[in-house]
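Got your viewer open? Let's take a walk through this structure, one selection at a time.

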Amino acid sequence: MDSKKLGKKAIIKVSDKFFQDSEINKIALIAPNANLNIIKNYEVVEKSSVELPQTIKGICKCMNPKCITNSEPMQTKFDVISQCPPALRCFYCGKVTDQEHFVII
Ligand SMILES: [Zn+2]
């Protein structure tokens, strides 16, 4: 276990102006066990654990150096094959990028 990784009790507070799906998806990738508090007008209005959608576009790089997404100026696209720990399968090359290899764009 890596103690630097965020554990189950991690709570991430986000202001509503930063509450965008792409940001939430980034959090879900980095800290799949975190709870999310959404703060609106200085009050917590929503508490939810973060969850990844079935597909993710952008956000993360494919770990396959030969993947077309790493040589062409295009957006990455992944199927989420595991939520926790998160694992992403590249739509273009089929390579699975696991949490240890996430490079957040
Ligand atoms: Zn790929």
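Is Cys-62 buried or exposed? Select Cys-62 and see: Cys-62 is buried, because its relative accessible area is 5% (buried means under 20% relative accessible area, exposed over 50%, and partly exposed in between, using a 1.4 Å probe and protein chains only).

Before you go on, a word about what you're looking at. This is a predicted model, where local features need pLDDT of at least 70 and side-chain atom pairs count only at pLDDT 80 or more, while totals for chains, interfaces and linings use all residues. Residues are numbered from 1 along each chain as its sequence is written, and side-chain values use heavy atoms, with hydrogens and water left out.

**Stop 1: the whole chain.** Switch to a cartoon view. The protein chain has one helix and seven strands, in the order β-α-β-β-β-β-β-β along the sequence. Here, helices (H or I, at least four residues) and strands (E, at least two) are DSSP runs, numbered from the N terminus. Of the 105 residues in the protein chain, 31% are buried.

**Stop 2: the zinc ion.** Now select the zinc ion. Which residues are its protein donors? They are Cys-62, Cys-67, Cys-90 and Cys-93, each through its SG atom, at 2.2 to 2.4 Å from the zinc ion. (Donors are N, O and S atoms within 2.8 Å of the metal, or 3.2 Å for Na, K and Ca; water is not among the atoms, so sites may look incomplete.) The angles among the four donor atoms are 101 to 116°, and the site is tetrahedral. Four donors earn that word if all angles lie between 85 and 135 degrees.

Along the sequence, the donor residues are spaced C-x4-C-x22-C-x2-C. Cys-62 and Cys-93 link distant parts of the chain, 31 residues apart: Cys-62 is in the loop between strand S4 (55-57) and strand S5 (77-83), and Cys-93 is in the loop between strand S6 (86-90) and S7. Cys-93 is partly exposed, at 32% relative accessible area, whereas Cys-90 is buried, at 4%.

**Stop 3: a cysteine to check.** How many disulfides does a search of the whole structure find? Zero, with a disulfide taken as a pair of cysteine sulfur atoms within 2.5 Å. Click on Cys-60: its nearest cysteine sulfur, that of Cys-62, is 8.5 Å away. Cys-60 is buried, at 0% relative accessibility.

**Stop 4: the paired strands.** Next, colour S4, S5 and S6. S4 and S5 run antiparallel and are joined by three bridges; two strands pair if DSSP finds at least two bridges between them. Look for Ile-56, which stands opposite Phe-78 in S5. S5 and S6 also run antiparallel, with five bridges, and they form a hairpin with two residues between them. On this hairpin, Ser-82 has Ala-87 in S6 as its bridge partner.

**Stop 5: Thr-97.** Select Thr-97 in strand S7 (residues 96-98). Thr-97 is buried, with a relative accessible area of 0%. Its contacts (heavy atoms within 4.5 Å) include Cys-62, Phe-78 and Ala-87, names you've already met on this tour. A polar atom of the Thr-97 side chain lies 3.2 Å from the backbone nitrogen of Met-63.

**Stop 6: Val-103.** Finish in the segment after S7, where you'll find Val-103. Val-103 is partly exposed, at 42% relative accessible area. Val-103 touches Ile-59, Cys-60 and Lys-61, not counting residues up to four places away in sequence. Draw a line from its C-alpha to that of Cys-62: the two residues are 41 apart in sequence and 7.9 Å apart in space.

Technical notes
Polar contact = N/O pair within 3.5 Å; in protein donor to acceptor, adjacent residues only side chain to side chain. Tetrahedral: all angles 85-135°; square planar, octahedral: opposite > 155°, others 65-115°.
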